[in-house]
Each structure stands twice: as structure tokens, then as C-alpha cells.
Amino acid sequence: MEIRVVAGDITTFAGDGLVVNLFEAARGPAKGTPQGATAAVDAALGGALDRLIRAGEITGKWGEQTLIHALGRLRAERVLVLGLGKPEELTADRVRAAAAEAARTLRKSGARRIGTLVHGAGAAGLSAGQSAQAVVEGTLLGLYRFTRYKTNDDHAKVVERLTVVERDARRLGAVREAVWRGRILAEAAIAARDLVNEPGNTLTPTELARRARAMARAARVRCEVLGPPALRRLGAGGLLCVARGSQEPPRLIVLTYGGRGGGPHLGLVGKGVTFDSGGISIKPAENMEAMKGDMAGAAAAIAATCAIARLRLPIRVTAVVPATENLPSGTALKPGDILRAMSGKSIEVINTDAEGRLILADALTYARRRQVTHLVDAATLTGACVVALGTVNSGAFANNQTWLETVLAAGRAAGEKIWPMPMDAEYDELIKSDIAEIKNTGGRKGGAVTAAKFLQHFVGETPWVHLDIAGTSDSDKEKGYLTKGATGVMARTFVALAMDMAAKK
Ligand code: BES
Ligand code: MN
Ligand code: ZN
């Protein structure tokens with residue numbers, strides 16, 4: 001999609017659909033009144049919006065949409081009035097969601113060229129830049145579709161151009177920059193969605209590495225891919241043992257961005273199980289197809305690293321992605337097996353379906369050897385986290401309160417909800433093994449925490465946050481800027497995190 005930024009009068013926008021907005025009146029019977037650019041559109045329409053407001057048909061309530069035809073009074077075919085709710089309740093995330101819903105409504109109406117205001121700039125402390133960025137992110141994410149395997153569907157309807165109209169020419173520079181940033185952020189999440197939606201038969205570990213390499217090249221990020229011989233030399237027992245049941249060789253994908261020298265060095269680790277059958281501890285058939293998405297953490301880490309490079313953020317990043325399938329076979333890892341991880345720790349395997357922590361153990365060790373100063377991992381790690389938090393929040397588990405708060409703030413900036421979970425020492429008891437140093441499951445109780453506790457054995461003193469995205473990596477409905485299927489969760493949070501670290505440097 002082409003995105004333009006123009007300064008001027010929105011009533012002169014020539015195109016198929018024009019998005020304007022209305023706040024809900026703060027209180028009492030007073031009806032909202034069109035303001036700013038919306039008022040100019042109302043005037044061009046001969047007061048039509050004002051009449052609809054007086055009639056109570058347009059209230060400005062959050063989420064409200066009213067599509068009216070301009071009937072030749074404007075150079076735009078249709079006008080969509082978006083309800084923004086109460087001004088004091090407006091957030092960047094509401095702008096993202098509203099822009100997404102508006103774009104989808106207009107696409108359904110056949111609009112190819114959309115014009116929009118910078119919604120709510122100046123309200124609730126949102127700057128023009130923040131609003132413009134949110135409009136672009138929301139529009140691109142809300143219009144996302146995974147069409148690769150659909151032929152001759154109704155995808156003829158495509159929005160080709162978004163024109164962001166800013167009245168105040170003095171803000172044009174800030175809006176342009178924000179649009180550029182919003183596009184890079186949205187495209188990161190979209191790249192992650194594409195990877196997650198891709199089925200397991202095409203997106204094997206080898207193919208994931210190939211795609212990572214192509215993305216890295218385009219963003220001028222360094223990419224190294226380690227196969228079984230290099231992994232054996234490194235003693236990557238976790239990754240190698242999980243891969244043993246599959247015909248597909250495992251890969252350790254390593255992306256690096258930024259020069260040598262001091263300063264913060266962000267380590268991004270993402271679980272890359274391209275299909276999780278459970279292995280010998282095989283999963284039930286129902287919903288097993290969803291396990292093609294067990295590499296959503298990997299997708300976020302790869303996409304974010306490339307976006308950080310495209311934004312030229314002054315920070316170092318190393319992304320480490322262990323990629324493998326988890327399948328049963330005559331050579332597969334078995335319950336009761338004991339393996340040795342890259343760090344040297346021995347692990348008793350109780351359940352081969354707790355494979356994510358085995359491969360992440362090696363990836364975390366590897367990232368630390370690359371001298372990262374801060375670690376964050378994203379993984380579709382446990383069903384227990386979905387039981388605890390549902391599909392609304394990702395779970396956060398940390399060994400460092402300051403770093404945890406930094407990651408939570410990045411999630412808020414991106415509009416990706418993250419909830420902190422406990423990490424008390426008492427949980428460690430549950431993963432003690434009688435014959436090895438640790439075992440890979442701690443029973444059903446507190447399953448999301450014991451998984452995090454397992455990972456903690458491999459991060460040492462490095463500030464670290466583990467994000468369990470099992471419940472948030474895909475969506476079963478179209479809502480706001482989420483579409484059905486992969487969400488691309490944590491791609492934007494990771495970029496926001498790097499932005500924050502770069503700003504504090
Ligand atoms: N990939 C799954 C976790 C998962 C479940 C992700 C549902 C998305 C939706 C993970 O590898 C797994 O199987 N975890 C087990 C761990 C258990 C055996 C300790 C689980 O959650 O059941
Ligand atoms: Mn599993
Ligand atoms: Zn898994």
C-alpha cells in the first residue's frame with residue numbers, strides 16, 4: 001500500500017473514502033459537535049453531520065462508524081465518521097483499533113484510495129506524531145490478510161493508497177517521520193504474521209532460516225545459520241534432542257545488528273518449533289493444526305531485529321532462534337531420557353511435549369555467550385499460561401524488576417498487553433530431578449511458572465524477561481487491528497523496547 005502525507009484542507013481530498021472523527025460529548029445532554037477538519041467536512045456536506053448528531057444517529061461513542069455518501073458535495077465518494085469516545089479516554093491503541101476498523105469498512109465498500117485525518121492529535125496527551133503513527137499501524141495491520149493459498153477469492157478489493165491529511169503545515173515533518181516509523185512497525189508485525197500463518201509443510205526449520213536470511217539481507221542485518229554439525233560442536237543437546245524425531249534438520253538462526261563496542265546489547269530469543277505434535281508424548285488430534293504456529297516467538301524476534309535495523313536505532317541486537325520440528329519416530333527423544341544442554345546442565349525429560357524449554361535453554365546460553373547485556377524471550381510455551389491469562393495478556397516472568405518494568409512499558413507503547421507473573425523460589429522445587437540437575441516438567445500446577453523457572457536455569461545473572469505468548473500469538477476473531485489467525489505479537493513490543501533502550505543510551 002502506498003502511503004502519502006499531505007498538508008492542507010481535507011475537504012479537497014479526492015478519493016473513494018474519507019475518514020473523519022467525532023468525540024463523544026463529555027457529559028450531559030449536550031451532543032458532540034464536529035471540530036476542526038470534521039467541521040470543515042460537515043460544512044461542505046451542508047451540515048449533514050450536524051443533523052445526524054442532533055438526531056442522535058451519530059454520537060461519537062467509541063467504536064461507532066457511520067458511512068455516508070458525499071453525493072458530489074466533496075471530491076471523496078464517501079465519508080466515514082469514526083466515534084473516538086471520550087477525549088480523555090483516547091489512547092494510541094484506540095486510534096490503532098479505530099483506524100483498522102475504518103479501513104476494513106471502506107475496503108468492504110470497494111474503496112481503493114482512502115484519506116484520513118490524524119485522529120485525536122492533541123487529545124489525551126497524544127501528539128500529532130503519536131496519532132499518525134497509530135493511524136498507519138492500525139490501517140496496515142487491520143487490512144492484513146494471508147492470501148497466499150486463496151485463489152480467485154474476493155481479494156479483488158484492495159486498498160491501494162492511504163493519504164494522511166494534516167492541516168497544520170508546521171507539523172508535517174513530525175507526521176511524515178511518524179508515518180515512516182508506523183509503517184516499519186506494522187510491517188514487522190505483518191512479516192511475523194506471514195511466517196506464523198505459513199503451514200508446517202512449507203515452513204520447515206530450513207525454510208524459516210532461508211526466510212530469515214532473506215529478511216536480514218533486505219534490512220542489512222547479519223545472518224548466520226548453524227546446522228547439526230555446528231550444533232554438535234557446541235553441545236546443543238536441547239535443540240539436537242528435540243529434533244531427533246524429525247527428518248528435518250534443526251537450525252540455530254542468529255541475526256546480529258549494530259557495531260561492536262559498549263552500550264546496551266539486546267538479546268532477543270524466540271521459540272521456533274515449526275510444528276509441535278508433542279513428540280512421543282503426542283498431543284490429542286483436536287486443534288493440533290494450530291501447532292504450526294509454535295514458532296511465533298521466532299517470527300517476532302526475526303521481524304523485530306530487521307525493523308530495528310531499518311529504523312537505524314543506535315543499539316546492538318542479537319536475535320537467537322532455535323528452529324526444529326517436534327515429531328515422534330523411532331529415533332525420537334523419549335520420556336525418561338537424560339540430555340545435556342549447551343550450558344552443561346543435565347536435564348531429565350519427563351514429557352517430550354515440553355520441548356520449547358529444551359531448545360530455549362540452548363538459545364539462551366548461546367545468546368549469553370554473544371555477550372548480550374539484556375535478554376528477552378518470546379515463546380508459545382505453555383497451555384497453562386492460556387488457562388491463567390486467556391488470550392488477552394501475554395505472561396511475563398523475570399529475574400530483574402527494573403528490566404521487567406522496561407519490557408512492560410514497551411508492551412504498553414505497542415498496545416500489546418503483558419501481565420507479570422510470580423517467580424518465587426518455592427516453584428523451583430517442582431522441577432528438581434532425582435537423577436539429573438533438573439527435569440523438564442513440574443506437573444500441572446503452576447505450569448507456566450515452572451516452565452519459566454526451567455528457563456531461568458540458563459540465564460545466569462543477565463537481566464531477563466520471558467514472555468509466554470501461547471494465548472496471544474493468534475486470534476480467533478477479527479477485532480480492531482487484529483485479524484483472524486496470527487497476531488504478530490511481540491514484534492512491535494520488541495522494537496519499542498529497542499527504541500526505549502536507544503533513547504536512554
Ligand atoms: N507449544 C506448546 C504450548 C501451547 C499450547 C502453545 C497451546 C499454544 C497453545 C508447548 O510446547 C507444550 O506442549 N506445552 C505443554 C507443556 C507440558 C507438557 C508441561 C503444555 O502446555 O501442555
Ligand atoms: Mn509442546
Ligand atoms: Zn511447543
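Donors are N, O and S atoms within 2.8 Å of the metal. The model shown in these views is predicted.

**View 1. The manganese site.** The donor residues of the manganese ion (ligand 2) are spaced D-x76-D-x1-E in sequence. Coordination comes from Asp276 (OD), Asp353 (O), Asp353 (OD) and Glu355 (OE). These contacts to the manganese ion (ligand 2) run from 2.0 to 2.2 Å. The site has 6 donor atoms, with angles of 70 to 169° among them, and is irregular.

**View 2. Where Asp276 and Glu355 sit in the chain.** Asp276 belongs to strand S10 (residues 272-276). Glu355 falls in the loop between strand S13 (346-348) and helix H10 (356-369). The pair therefore ties together parts that are 79 residues apart in sequence. Asp276 is buried, at a relative accessible area of 2%. Glu355 is also buried, at 0%.

**View 3. The zinc site.** Lys271 (NZ), Asp276 (OD), Asp294 (OD) and Glu355 (OE) coordinate the zinc ion (ligand 3). The distances are 2.0 to 2.4 Å. Along the chain, the zinc donors follow the spacing K-x4-D-x17-D-x60-E. Around the zinc ion (ligand 3), 6 donor atoms subtend angles of 78 to 176°, so the arrangement is octahedral. Ideal angles for six octahedral donors are 90 or 180 degrees. Lys271 and Asp276 are both buried.

**View 4. The metal pair.** The manganese ion (ligand 2) and the zinc ion (ligand 3) lie 3.1 Å apart. Which residue coordinates both ions? Asp276 does. Glu355 (OE) is likewise listed at the zinc ion (ligand 3) and at the manganese ion (ligand 2).

Key. Residues numbered from 1 in each chain as written. Chains lettered and ligands numbered in written order. Predicted model: local features only at pLDDT ≥ 70, side-chain atom pairs only at ≥ 80, totals over all residues. Heavy atoms only, no water. Donors = N, O, S within 2.8 Å, 3.2 Å for Na, K, Ca; no water. Tetrahedral: all angles 85-135°; square planar, octahedral: opposite > 155°, others 65-115°. Buried < 20%, exposed > 50% of the residue type's maximum accessible area, 1.4 Å probe, protein only. Helix = DSSP H or I, 4+ residues; strand = E, 2+ residues; numbered from the N terminus.
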